[in-house]
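The following exercises are to be worked with the sequence and the coordinates at hand. Each task is followed by a solution in steps.

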Amino acid sequence: MIPVVLLGATGSSTAGPEPRLGTVQRIWTYPKNVNLHPPSTLNHTIVLSSPVVAMIEGTAADPKPAVVVGDQSGRLLAANLATGDVRTLYSSSMPIDAPPSAAPVAPGALDTVFFGRGNRGVPCQGYDGAFGGYTAVNADGSVRWQARVNNSAGGSSCQHIGVMAGMTLVTLKGQLSVIGMSLGQAERGFVAATGQPLAGWNPWFQADSSTSTVAVAQLNGSSKAPSIIEGGDSTHGNAYGVQYSDGGHVRIIKATGNGGTPGAGGLKCNFNTYAKGGQIVESSPAVGGFLANKETGIASGQGYFSPYSGPVNRLWVIDSNCKKVWSAKTDYLTSSPILADVNGDGNLDVIVGTQDVSVNGNSANGSVYAFDGATGSLLWKTVTGSVIGSLAAADLRGTGHADLVVPTVTGGSLGGLQVLDGSTGRRLWGTSEAVSQGTPLITADQNGTIGITLAGYYGVLVHGGIELAGTVRHFEIQGSSSSWLANPLTSWLEFHHDPRLSGNADGPLP
């Protein structure tokens, strides 16, 4: 185990000083010897993909967790959470920037892992005849099913073939189903076990590319019918009898999709960010009961597309009818927000990171903001360096409120992986040994402590120049208790909350 230096102590409260963060130790690293990185593994950078826990080790009777994440060389890596032993679960020539999701498709089975292939850098014809799209692989690495992106009739001559959004898992009509956006103009639904098209999703026309991972929630009061909540973009033009305008959107869609009729049928409501003075939405929305009286709210950041003139530095909060409740201006471009109780008052707050990379290319600039969920009042702001990925949150000290685990692409003393005191924003710990554009993973480790996994990259000196190499690094917080992760108000443990990517503070729908 390699000790990592503790950088700070905690603040104080009316109940007396809060406990210090336990010593953070690095337990395992992939590759195992980062100083002897073989040239054959260089450029296998882990960029936008975020790690997820999947129960794919051991047997169905005695399953064990693995950390699963994709890299830009087209590999889906699976690292045994306890040992750090890594295997390549899947490999192709298409980059994997999408965050995986995981769930068993049959009772008593090991998990199946779902992920998208391809990104904006892939040419129209793909690589070596391969095409991007949607993929499901079994625990042994065998391909369960694959599906290509469907573009709309009359779409651009360069058919966008990538899927960078996560594939959200939700039970619809009694069967586990998958909903996923694409870089084409199509959003698709599948039966998780077979890959067959989901009834009613034909596909759903999203009017432009999207990298937003959808959230799922029950928004209809006593109704148990789930809704699909997503961010997106649209381009001026007429499609399937509907006139679209340029801009960004947060949309709520019925779980029945378009009912089998090509187009955007089944749209419950739409919040037009561009019409409100904002930008496109590449952010993945977070949903939960954080508004006044614990009413359900939806929080979303934005994206950036230079021909649009709207400001990019904005966080939006809407209700279940797509009505604006509050918005907040930030210093730089927003990432995907999370929901957690950071001050211990029993209410969810909204936390978001920012970055100056996409607009101005400056990785030194970025911050983390915490807002009161009901009112939008700023609780605190901390300069951290650029946060491209989303944050994770958990009670890391047994205080009853969430602390925050922050990934940045900034090196040196400011950036790297950081832990912030959730109540004040004060930096408690950090390491700049590697950087990340994804979201860290918080786990209950087998020894009863809390673990943190970073998936990202670091620089390797090769022939007098620097090349980037992918890495996965697992840390444990000494003296912590995994029982502290049981509180749903303080536990947003990975990208989009949970292995099914529900984006819902209450967790996956039953």
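**Exercise 1. The disulfide**

Task: Establish how many disulfides the whole structure holds, and describe the geometry and setting of what is found.

Solution.
Step 1. The model is a predicted one, and a search of the whole structure yields one disulfide.
Step 2. The partners are Cys269 and Cys322, whose sulfur atoms lie 2.1 Å apart. The cut-off for a disulfide is 2.5 Å between cysteine sulfur atoms, so the pair qualifies.
Step 3. The link between Cys269 and Cys322 is right-handed, with 70 degrees about the S-S bond.
Step 4. The disulfide links distant parts of the chain, for its cysteines are 53 residues apart. Cys269 belongs to strand 22 (residues 267-272), whereas Cys322 sits in the loop between strand 25 (314-319) and strand 26 (324-329).

**Exercise 2. Accessibility and backbone of the two cysteines**

Task: Decide whether Cys269 is buried or exposed, do likewise for Cys322, and inspect phi of Cys322.

Solution.
Step 1. The relative accessible area of Cys269 is 14%. Buried means under 20%, so Cys269 is buried.
Step 2. For Cys322 the relative accessible area is 6%, and this residue is therefore buried by the criterion of under 20%.
Step 3. Cys322 has a positive phi, near 65 degrees, although the residue is other than glycine.

**Exercise 3. A second positive phi**

Task: Locate Asn293, give its phi and classify its accessibility.

Solution.
Step 1. Asn293 is placed in the loop between strand 23 (286-288) and strand 24 (297-300).
Step 2. Its phi is positive, about 60 degrees, and Asn293 is not a glycine.
Step 3. With a relative accessible area of 74%, Asn293 is exposed, because the cut-off for that class is over 50%.

**Exercise 4. An open sheet**

Task: Derive the strand order of the open sheet that contains strands 17 and 22, and identify its edges.

Solution.
Step 1. Four strands make up the sheet, in the order 17-18-21-22, with antiparallel pairing.
Step 2. Strand 17 (215-217) and strand 22 each pair on one side only, and these are the edge strands.
Step 3. From one strand to the next, the twist averages 25 degrees.
Step 4. Three bridges join strand 17 to strand 18 (residues 227-234) in the antiparallel sense. In this pairing, Val216 stands opposite Ile228 of strand 18.

**Exercise 5. The cavity**

Task: Find how many cavities of 30 Å³ or more the whole structure has, then characterise the lining of the largest cavity.

Solution.
Step 1. The search returns one cavity of 30 Å³ or more; the volume of the largest cavity is about 40 Å³.
Step 2. Its lining consists of Leu169, Val170, Thr171, Val216, Arg500, Ser502, Pro508 and Leu509.
Step 3. Strand 13 (residues 168-172) supplies the largest share of this lining, three residues.
Step 4. Sorted by class, the lining has five nonpolar, two polar and one charged residues.

**Exercise 6. Cis peptide bonds before proline**

Task: Characterise the peptide bonds from Tyr30 to Pro31 and between Asn202 and Pro203.

Solution.
Step 1. Omega is near -10 degrees for the bond from Tyr30 to Pro31, which is cis. Pro31 is found in the loop between strand 4 (24-30) and strand 5 (52-58).
Step 2. Asn202 and Pro203 are also joined by a cis peptide bond, with omega about -15 degrees. Pro203 lies in the loop between strand 15 (186-191) and strand 16 (204-205).

Key: Residues are numbered from 1 along each chain as its sequence is written. This is a predicted model: local features need pLDDT of at least 70, side-chain atom pairs count only at pLDDT 80 or more; totals for chains, interfaces and linings use all residues. Side-chain values use heavy atoms; hydrogens and water are left out. Helices (H or I, at least four residues) and strands (E, at least two) are DSSP runs, numbered from the N terminus. Buried means under 20% relative accessible area, exposed over 50%, partly exposed in between (1.4 Å probe, protein chains only). On a 1 Å grid over the protein atoms alone, a cavity is a set of points where a 1.4 Å probe fits but cannot get out, and a pocket is an open set with protein on both sides within 12 Å along at least five of seven lines; lining residues have an atom within 4 Å of a point. Grid points are joined across faces, edges and corners, and a volume is the space filled by probe spheres set on the points. Ala, Val, Leu, Ile, Met, Phe, Trp, Tyr, Cys and Pro count as nonpolar, Asp, Glu, Lys and Arg as charged, and the others, Gly among them, as polar. Two strands pair if DSSP finds at least two bridges between them. Axes are lines fitted to C-alpha atoms, for helices over the stretch in contact, and angles run from 0 to 180 degrees between N-to-C directions.
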